[in-house]
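User: Could you take a close look at one part of this model for me, the small sheet and whatever packs around it? I'd like one connected walk-through, please.

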Amino acid sequence: MDFESAFKEAVQAAVTPSEADILVARGVVLDAMDTATEPVVSTEFVDRWLEAIGSQRPAPRTRFTAAPATEKGRRLADPDPMDPHMAEVRGGHAVRWAVSQLVAEGVLTQGPGNNYAIQPERISVDYPGGSSGVPVLVHSPLVGNPREYQRFMPARREPAGSEVLLPVDELLAGLDEILGSRGATMVRESRRALQRGLHLASSSLLAAASEAAWFNLARAVPDAPRALEKKVGEGRDAAEVIRLTEQKLRELKPSPGSATITEVVTQAHMYREVRNYALHPVEEHDGDRETWLTETGATLLAIAARRYFVKMAELQRRFLEDGQSK
């Protein structure tokens with residue numbers, strides 16, 4: 001069949017990785033390397049990438065089925081980029097780009113083995129009464145003879161805890177108290193928006209979840225000043241809630257650390273600016289904030305969210321412990 005040009009172009013777009021796709025792939029490759037005890041098969045990188053974006057490999061022995069178009073003059077509708085058949089191809093390309101970058105940077109190198117279990121070498125040993133071979137597995141870099149299913153291992157170690165786009169359930173683990181049910185729902189909705197290319201919605205919802213977290217943090221303040229109680233009760237003026245809560249954070253003894261407080265407050269205000277700009281843009285093009293409403297910007301916000309909310313949860317715990325000790 002000779003497919004129409006518009007359909008072929010749509011398929012091409014659906015399987016071509018974006019910069020954000022490659023960014024996510026880079027994160028999952030580094031994350032896989034961080035805990036690996038042997039070279040990792042490249043297909044695992046693709047599986048992790050698919051999980052991170054909320055997709056999976058298509059069912060075995062299935063093919064993509066095109067839907068009829070509803071537009072006049074078109075036979076077939078554009079494919080959904082999140083369809084497993086499209087996502088799997090895009091993920092494979094994204095992983096190859098990420099791996100090639102990490103190899104070029106000297107972070108990654110090809111290791112022994114392929115898609116089957118790594119086979120040990122055998123060291124021949126003679127002993128009184130016989131001889132045999134001792135199996136050994138030494139994971140040194142592979143030089144030459146590339147195979148269809150390559151495995152990779154670090155050429156040098158990156159600092160532990162490289163940030164990665166986590167599946168949403170992992171992102172939310174242990175954050176029930178700081179986010180609350182509404183905040184957790186906004187994080188889930190944000191991820192669904194990101195998966196569907198709704199970048200403005202994704203960033204705005206994460207920013208809204210940030211505000212929900214600050215109101216919950218403020219509710220944990222022991223002996224809260226009247227001004228803070230009033231703002232929390234009214235459920236508005238997040239900027240003032242952040243300012244008053246920051247003051248109480250800096251009074252905690254022992255201190256959580258000025259750098260930690262400054263980090264979460266700075267990120268909180270950044271989220272507020274993103275949300276305010278998304279809902280009430282002052283100018284048609286505002287480079288600073290517009291970046292966070294793109295695919296790459298929204299993905300970066302999603303990657304950084306876990307670290308931010310975990311720090312806030314720890315500050316909430318400190319407030320609650322301080323209140324119990326009084």
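Analyst: Strand β1 (residues 40–41) runs antiparallel to strand β5 (residues 151–154), and two bridges join them. If you want to find that pairing on screen, look for Val40, whose bridge partner in β5 is Phe152. Keep in mind as you click around that this is a predicted model.

β5 also pairs with strand β2 (residues 108–111), again in the antiparallel sense, this time over four bridges. Two spots make handy landmarks here: Thr109 has Met153 of β5 as its bridge partner, and Gly111 has Arg151 of β5. Put the pairings together and you get an open sheet of three strands, in the order β1-β5-β2, with antiparallel pairing. β1 and β2 stand at the edges with a single partner strand each, so one side of each is left without a neighbour in the sheet. As for what covers the sheet, helix α2 (residues 19–35) packs on it and touches β1, β2 and β5. The direction of α2 makes about 70° with that of β5.

Now follow α2 itself, because Ala25 lies in that helix and counts as buried, with a relative accessible area of 0%. Leaving out residues up to four places away in sequence, Ala25 touches Trp49, Ala94, Val95 and Ala98. Ala25 also has a distant relation in sequence: Val164 is 139 residues away along the chain, yet the two C-alphas are 8.7 Å apart in space.

Trp49 is worth a stop of its own. Which residues does Trp49 touch, not counting those up to four places away in sequence? On one hand there are Asp21, Val24, Ala25 and Val28; on the other, Ala87, Arg90, Gly91, Ala94 and Val95.

That brings us to a helix pair. The axes of helix α3 (residues 42–53) and helix α4 (residues 84–104) come within 9 Å and cross at roughly 120°, and the crossing is right-handed. From α3, the contact is made by Ser42, Phe45, Val46, Trp49, Leu50 and Ile53. From α4 come Ala87, Glu88, Arg90, Gly91, Gly92, Ala94, Val95 and Val99. Sorted by class, that contact has nine nonpolar, three polar and two charged residues.

Two of the α3 residues in that contact, Phe45 and Trp49, turn up again in the largest nonpolar core, which has 76 residues. Along with Leu179, Val187, Trp214 and Phe309, they are the residues with the most contacts inside the core. The helix that gives the most to this core is α12 (residues 295–324), with 11 residues. As a general backdrop, nonpolar side chains tend to be buried together in soluble globular proteins.

Before you close the viewer, there's one other strand pairing to look at. Strand β3 (residues 121–127) and strand β4 (residues 130–136) run antiparallel and are joined by seven bridges. Tyr127 stands opposite Gly130 in β4. The hairpin has two residues between the strands, and Gly129 takes a positive phi near 100° there.

Methods: Residues are numbered from 1 along each chain as its sequence is written. This is a predicted model: local features need pLDDT of at least 70, side-chain atom pairs count only at pLDDT 80 or more; totals for chains, interfaces and linings use all residues. Side-chain values use heavy atoms; hydrogens and water are left out. Axes are lines fitted to C-alpha atoms, for helices over the stretch in contact, and angles run from 0 to 180 degrees between N-to-C directions. A crossing is left-handed if the near helix is turned anticlockwise from the far one by less than a right angle, and right-handed if clockwise. Contact means heavy atoms within 4.5 Å. Ala, Val, Leu, Ile, Met, Phe, Trp, Tyr, Cys and Pro count as nonpolar, Asp, Glu, Lys and Arg as charged, and the others, Gly among them, as polar. Two strands pair if DSSP finds at least two bridges between them. A nonpolar core is a set of buried Ala, Val, Leu, Ile, Met, Phe, Trp, Tyr and Cys residues joined through side-chain atoms within 4.5 Å. Buried means under 20% relative accessible area, exposed over 50%, partly exposed in between (1.4 Å probe, protein chains only).
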